[in-house]
Amino acid sequence: MRRLLVSEMTWPEVERELEHIRVAVVPVGSCEQHGPNTTFTTDTDRAYEFCKLLGERVGEKILIFPPFGYGVSIHHMDFPTTVTLRIETMIHALTDIAESIGKHGIKKILYVNGHGGNRSALDAAIIKLKYEYGIEAYWSSMGTNISRARISQEMELPAIIGHACEVETSQCMYLAPWVVKDELQAGELQSDSAYMRRLFKDGNAAWSWKNDASANGALGDARRATKELGKIMTDISLDYMEELLEEIIRR
Ligand SMILES: [Zn+2]
């Protein structure tokens with residue numbers, strides 16, 4: 001399929017394609033520590049590369065925007081170089097992007113999110129867009145949450161995963177190998193309590209990752225990561241996203 005990437009197009013080219021574009025796809029990431037294992041652009045690059053593959057499957061029905069490379073990473077601020085947006089800033093940025101796109105005639109937006117800390121802001125932005133701007137917006141994750149059951153068949157997983165662990169690092173090896181370091185390390189977990197599991201499940205970001213989750217910033221054990229596992233989880237997420245897009249277009 002012929003994918004449409006804003007980064008490869010001029011405005012006259014976009015204008016010629018507008019009649020068949022149904023959904024704008026906006027990758028959303030973070031500039032956030034990923035332990036000693038992967039770089040600060042892990043979530044952003046993963047989300048963008050995922051969207052490029054989505055474009056190859058879905059073709060000219062979607063227009064893929066450049067990734068938004070900052071997010072809500074308050075819980076990672078103990079680690080140098082992490083940048084966080086205030087949650088209000090993030091909500092405004094997401095709504096501004098969608099409102100701009102909407103003014104050019106694309107009335108449906110799908111944010112593809114690579115970072116769990118962005119979830120509350122994405123929920124809020126979608127509500128605002130619907131009720132204040134009349135824009136139909138959706139968001140979806142693109143990794144662990146969609147494929148966890150299938151990944152568990154390939155590999156026994158620790159209770160808490162999803163950040164610089166075997167799962168996320170596997171997806172990086174497949175989608176964005178340039179963010180992965182040669183020497184991988186296991187996470188130095190601070191707690192495996194039911195409370196912590198709940199925090200991770202609900203995506204609450206108002207706590208300290210270093211003190212509450214992992215001293216070196218990583219979860220799980222990235223040394224177990226493989227490119228093959230990364231491909232399996234990505235293919236499952238792509239299948240899911242393709243169906244989701246069809247549904248969004250149909251509505
Ligand atoms: Zn990440």
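## How do you know? Reasoning through a fold

Modeller: Let's start with one pair of residues: V23 stands opposite I62 in strand 3. Keep in mind that this is a predicted model.

Biologist: What makes strand 2 and strand 3 a pair?

Modeller: Count the bridges. Pairing takes at least two of them, and strand 2 and strand 3 have three, in the parallel sense. That is enough for the cut-off, so we call them paired.

Biologist: How do you know that strand 1 and strand 3 pair too?

Modeller: Here the count is two bridges, again parallel. The rule asks for at least two, so strand 1 and strand 3 pass as well. One example of a partner is L63 in strand 3, which sits across from L4.

Biologist: And which way do strand 2 and strand 4 run?

Modeller: They run parallel, joined by five bridges. Within strand 4, V112 is the bridge partner of P27. Strand 4 also pairs with strand 5 over six bridges, in the parallel sense, and there Y111 has W139 as its partner.

Biologist: What is the order of the five strands in the open sheet?

Modeller: The order is 1-3-2-4-5, with parallel pairing.

Biologist: Why do strand 1 and strand 5 stand at the edges?

Modeller: Strand 1 (4-5) and strand 5 (136-141) each have a single partner strand, so one side of each has no neighbour in the sheet.

Biologist: Why is the crossover from strand 4 to strand 5 called right-handed?

Modeller: The chain leaves strand 4, passes through helix 4 (residues 119-133) and reaches strand 5. Look with the strands pointing away from you: a clockwise path from the first strand over the helix to the second is the right-handed case, and this β-α-β crossover is right-handed. Strand 2, helix 2 and strand 3 also form a right-handed β-α-β unit.

Biologist: What makes the span of helix 4 close to the one expected?

Modeller: Helix 4 has 15 residues, and at 1.5 Å a residue 21 Å is expected. From first C-alpha to last, helix 4 reaches 20 Å, so the two values are close.

Biologist: Which residues of helix 4 are buried?

Modeller: They are A121, L122, A125, I126 and L129. These cover an arc of only 135° around the axis, which puts them on the same side of helix 4. That buried set packs against helix 3, strand 4 and strand 5. The face turned away from the buried side carries K130, Y131 and E132, which are exposed. Just after helix 4 comes G134, with a positive phi of about 65°.

Biologist: Why is T81 counted as exposed?

Modeller: The cut-off for exposed is 12 or fewer other C-beta atoms within 10 Å. T81 has 10 C-beta neighbours inside that distance, so T81 counts as exposed. You'll find T81 in the loop between strand 3 and helix 3 (87-103). T81 isn't a glycine, yet its phi is positive, about 85°.

Biologist: Is A164 buried or exposed?

Modeller: Buried takes 20 or more neighbours, and A164 has 28 other C-beta atoms within 10 Å, so A164 is buried. A164 lies in the loop between helix 5 and helix 6, and its phi is near 55°, another positive value in a residue other than glycine. For background, most residues other than glycine have a negative phi.

Biologist: What makes helix 6 mostly covered?

Modeller: In helix 6 (residues 166-175), 10 of 10 residues are buried, among them C172, M173 and Y174. Those buried residues pack against helix 2 (42-58), helix 5 (144-154) and helix 9 (227-250). Strand 2 (residues 23-28) is mostly covered too, with six of its six residues buried. V23, V25 and P27 point one way from strand 2, while A24, V26 and V28 point the other way.

Biologist: How many helices and strands does the protein chain have?

Modeller: Nine helices and five strands.

Biologist: Why is the chain as compact as a globular protein of that length?

Modeller: The globule rule gives 18 Å for 251 residues, and the radius of gyration is 18 Å, close to that value, so the chain is as compact as a globular protein of that length. The C-alpha trace spans about 50 × 35 × 30 Å along its principal axes, and buried residues make up 45% of the chain.

Terms used. Residues numbered from 1 in each chain as written. Predicted model: local features only at pLDDT ≥ 70, side-chain atom pairs only at ≥ 80, totals over all residues. Helix = DSSP H or I, 4+ residues; strand = E, 2+ residues; numbered from the N terminus. Contact = placed C-beta atoms within 7 Å. Rg over C-alpha atoms; globule rule 2.2 N^0.38 Å. Arc of directions from axis to C-beta.
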